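User: I would like a close look at a single part of this model. Please keep the answer connected and give the cut-offs for the terms.

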Amino acid sequence: MSVVLIGFKGCGKSTIGPLLAEKMGFSFHDLDQLIEQTHFEETGERFGFREVFRTRGEESFRAMERHLLREQLGNAKFVLALGGGTPMMPGVDSLLAPHCVVYLQVPESEIINRVRADGWPAYLENEADPEEALRLLFKRRVPRYEELAKLVVENTRAPEEVVAAVLPEIRVLLSESEN
């Protein structure tokens with residue numbers, strides 16, 4: 001069993017993940033970075049995951065994402081950060097079920113501020129009102145995150161505090177799964 005971090009874009013998966021992995025003695029992988037690396041290996045183009053989404057299109061992007069997710073979940077003792085939309089893919093339930101899925105929960109208003117500061121994702125660039133589209137997407141995704149999660153953690157504190165708070169709970173879940 002490994003630890004899989006889920007949550008909306010900007011919730012802190014890529015920040016919390018490496019800290020958590022280090023404390024647990026696990027390796028850390030970020031699915032978005034794996035997508036970037038795979039795209040580079042296939043095309044020679046060094047793009048960020050947003051640009052990979054734009055150039056490949058959603059269907060091809062999601063197929064690559066699904067393949068990499070299956071490949072990663074076959075490994076042991078790691079922390080994996082998923083993209084915000086990955087939990088919405090059909091069939092992901094059975095892939096994630098054997099793992100400790102942790103939902104990093106952040107209030108909608110804070111997510112909006114973080115995403116706005118980082119720039120609208122590729123899938124919202126053509127929206128007349130990207131903020132409203134983001135709010136609607138947030139409302140659709142949150143119930144799914146809650147459904148998949150074995151542990152929900154509010155990520156509104158310093159990353160080190162979040163890791164310190166969640167680590168004992170994760171260790172309990174991991175030890176229960178081994179028994």
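How many bridges join strand 4 to strand 5 (residues 151–154), and in which sense do the two run, parallel or antiparallel?

Analyst: Four bridges join them, and strands 4 and 5 run parallel. This is a predicted model, in which local features need pLDDT of at least 70, side-chain atom pairs count only at pLDDT 80 or more, and totals for chains, interfaces and linings use all residues. Residues are numbered from 1 along each chain as its sequence is written, and side-chain values use heavy atoms, with hydrogens and water left out.

Strands (E, at least two residues) and helices (H or I, at least four) are DSSP runs, numbered from the N terminus; two strands pair if DSSP finds at least two bridges between them. In the pairing with strand 5, Gln 105 stands opposite Glu 154. Strand 4 also pairs with strand 1 (residues 3–6), in the parallel sense and over four bridges. There, Cys 100 of strand 4 is the bridge partner of Val 3.

Strand 4 spans residues 100–105, and five of its six residues are buried, so the strand is largely enclosed by the rest of the structure. Buried means under 20% relative accessible area, exposed over 50%, and partly exposed in between, with a 1.4 Å probe and protein chains only.
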